[in-house]
Amino acid sequence: MTQKTQTVATISNVGKSFGDKQVLSGINMQLHQSEILSVLGPNGAGKTTLINTMLGRLSLDAGEISLFGHPPGSMLVKRQTGAMLQVAGLPDMSTVKEHIELFQSYYAEPMSYQQVMDYSGLKDIENQYSKTLSGGQKQRLLFALAICGNPKLLFLDEPTVGMDITARKSLWKAIENLKANGTSILLTTHYLEEADRLSDRIVMLSRGKVVREGTPAQIKSQINTKKIRFQSKVNISELVAIKHVEKATQLHAENNYFELESTNAEEALKELFKHEIAISDLTIVGAALEDAFEIINNQDSTSSASE
Amino acid sequence: MMMTDSSINLNLDKKPSLLNIFYLEAKTETIRLFRTPGFSIPTLLFPVMFYTFFGIVFSMNPATMPTYLMITYAVFGVIGPALFSFGVGIAIERGQGWFDLKEVSPMPASAYIVSRIALTFIFSTAIIVLLFGIGAVFGEVRLFRSQWITLAAIFIFGSLPFCAIGMTLGLYLKASSAPATVNLIYLPMGFLSGLWLPINFLPEFMQQFANLLPPYHLAQLALKVTDMDLGFPIILHISVLAAYTLLFVFLAVKAYHKKDKQ
């Protein structure tokens, strides 16, 4: 049976520009039922524009978007959709409960209030005015508003910005539960860890184009570069020769700090020790998402230059 | 290979209760504003204060002035909440991104408008009751029951053109400049329409200019009830008010449906 691959959203060849600036071009992707799809990319890659086209807030210059077989922004689609956008402020003088009950009324079969509380963890502050909420609490309220209609399709634009680690983890748990109950989720985030933990698939955007698509494991294998730093009196030519080391740099000319880049740091370290190079002050750091993009973009520009 | 799926499409047609949305939206909006003393107190107090001052305490002609100014300050009073709750309210919610969230939610656009109109009516009623009370008790304003009721109806429904103007302002103005801009429209327009002082106190060219202003026409319409108007036909005043309403509803709808707004 094909039950598992029911398509909720289809984006075909979508292009969008603001004036002369091409913000999205040739975007193709699909979102299936009970799937979490993360859209990652550096600032300005087109993530928010993509979400806005899917929400029907932006017109398309090219291509087509279909949600549940309907155009984005239509009332039929909206009633099946919840969205958490980057909102700077909520009307101050309504309580958490009032906000949620109002948004529940927009949907034919909303989630029960109790369940919204369970997912969002807002029970203790349900009678507080939104004015008095902290940044993280506001995010949780916006999450509650997004899910309170029991949506089949959920947009989460940077949902955990401003949350502490406890709140972030409980939100992850809620997102996983929603997915288990059949909700399809489109997530944008800056946190690689978040995308890694939650996503079934990841789409990486760069300058308005899809540059990578795949499962977190597939993406990570491409961008999982670690940086190995240490102090040593070794000659750099010796470091370059080590297996699993993709790049070696001397950080400062005067002191003897070196940085190795490797997508397989464990093996690279084994090799490093095998060579019996005396090192001190060893640190290993993972590549940040921004670094990963730099790497991917560099790869792409080299490959397109050689074409 | 498109897999259209019946289980997803099955309940696409279920609709929530529109009346319930209207009710909750209006209730939430009204409670919220009554909790915001910065809005509710000046909105209620300014017309009452001005009327008490110019219409009662320093009344130049105790026989007619309390009645005349009770009517024009009621017009002034009902325009305020219409312009501010729509104009400033929408501009601020747009600035916060809250309006965007409402826009992508399944809230019917009509609920947003109906709730704010209801809110305007509630504030208008409060202002009318206060001014009528002060006029009757301290200004010796004596009217037939039918006149009180006709006046109240004119004031309440007369706020609608200003709801439309406010809505348009709210959709075009920036949050930071909206309060100042709305005040810059509200206060001079009130004065030039003869709401603060009787219109025939103003120089001739200003009286001519007042013909362009919707509050002038609403005030003339209301003053007709007590035979204190300048004597132009009712149909003129109603036509101008209707034209303003249509124009600004058109502009607001255009602004609302404009995609790609940044």
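**Strand and helix packing in chains A and B**

In chain A, helix H10 (residues 265–274) lies across three strands, namely E10, E12 (257–262) and E13, and runs at about 20° to E10(A). The model described here is a predicted one. The strands beneath this description belong to an open sheet of 4 strands in chain A, arranged in the order E11-E12-E10-E13 and paired in the antiparallel sense. Strand E11 (247–250) and strand E13 (279–286) of chain A occupy the edges of the sheet, where each has a single partner strand, so that one side of each is left without a neighbour in the sheet. On average, and with direction ignored, neighbouring strands of this sheet are turned by 20° against each other. Within the sheet, strand E10 (residues 226–232) of chain A pairs with E13(A) over 6 bridges in the antiparallel sense, and in this pairing Gln231(A) stands opposite Ser280(A) of E13(A).

Chain A is divided into domain 1, which covers 3–221, and domain 2, which covers 225–286. The centres of these two domains of chain A, taken over C-alpha atoms, are separated by 41 Å. Another antiparallel pairing in chain A joins strand E1 (residues 7–18) to strand E2 (residues 21–32) over 8 bridges. Ser17(A) has Gln22(A) of E2(A) as its bridge partner. E1(A) and E2(A) form a hairpin in which 2 residues lie between the strands, and Gly19(A), in the turn, has a positive phi of about 65°.

The secondary structure of chain B, by contrast with the pairings described above, comes to 12 helices and 0 strands. The C-alpha atoms of chain B fill a box of roughly 85 × 35 × 35 Å, taken along the principal axes. Helix H4 (65–96) of chain B takes part in two helix contacts within the chain, one with H8(B) and one with H11(B).

In the contact with helix H8 (residues 160–172) of chain B, the axes of H4(B) and H8(B) lie 7 Å apart and the helices pack at an angle of about 20°. Because this angle falls under 35 degrees, H4(B) and H8(B) are described as roughly parallel to each other. The crossing of H4(B) past H8(B) is right-handed. From H4(B), the contact draws on Ile79(B), Ala82(B), Leu83(B), Ser85(B), Phe86(B), Gly87(B), Gly89(B), Ile90(B) and Ala91(B), which meet Phe162(B), Cys163(B), Ile165(B), Gly166(B), Met167(B), Leu169(B), Gly170(B) and Leu171(B) of H8(B). The residues of this contact of H4(B) with H8(B) comprise 12 nonpolar and 5 polar, with no charged residue among them.

With helix H11 (residues 214–223) of chain B, the axis of H4(B) comes within 9 Å, and the two axes cross at roughly 135°. H4(B) and H11(B) are therefore oblique to each other, and H4(B) passes H11(B) in a right-handed crossing. Ile71(B), Thr72(B), Val75(B) and Ile79(B) of H4(B) make this contact together with Pro215(B), Leu218(B), Ala219(B), Ala222(B) and Leu223(B) of H11(B). The contact of H4(B) with H11(B) is made up of 8 nonpolar residues and 1 polar residue, and no charged residue is present. Ile79(B) is thus listed in the contact of H4(B) with H8(B) and also in that of H4(B) with H11(B).

The contact between the chains takes 36 residues from chain A and 29 residues from chain B. On the side of chain B that touches chain A, at least two residues each are supplied by helix H1 (6–9), H2, H4 and helix H5 (98–104) of chain B. H2(B) gives the most to this side, with 6 residues. By class, the residues of the side of chain B that touches chain A divide into 11 nonpolar, 8 polar and 10 charged.

One helix pair spans the two chains: helix H3 (residues 96–105) of chain A packs with helix H2 (residues 18–34) of chain B at an angle of about 155°, with the axes 9 Å apart. H3(A) and H2(B) are therefore roughly antiparallel to each other, and their crossing is left-handed. The contact involves Glu98(A), Glu101(A), Leu102(A) and Ser105(A) of H3(A), together with Asn20(B), Ile21(B), Leu24(B), Glu25(B) and Thr28(B) of H2(B). The residues of the contact of H3(A) with H2(B) divide into 3 nonpolar, 3 polar and 3 charged.

Key
Residues are numbered from 1 along each chain as its sequence is written. Chains are lettered from A and ligands numbered from 1 in the order in which they are written. This is a predicted model: local features need pLDDT of at least 70, side-chain atom pairs count only at pLDDT 80 or more; totals for chains, interfaces and linings use all residues. Axes are lines fitted to C-alpha atoms, for helices over the stretch in contact, and angles run from 0 to 180 degrees between N-to-C directions. Angles under 35 degrees count as roughly parallel, over 145 as roughly antiparallel, 65 to 115 as roughly perpendicular and the rest as oblique. A crossing is left-handed if the near helix is turned anticlockwise from the far one by less than a right angle, and right-handed if clockwise. Two residues are in contact if their C-beta atoms, placed from the backbone, lie within 7 Å. Ala, Val, Leu, Ile, Met, Phe, Trp, Tyr, Cys and Pro count as nonpolar, Asp, Glu, Lys and Arg as charged, and the others, Gly among them, as polar. Two strands pair if DSSP finds at least two bridges between them. Domain bounds come from an automatic or database domain assignment.
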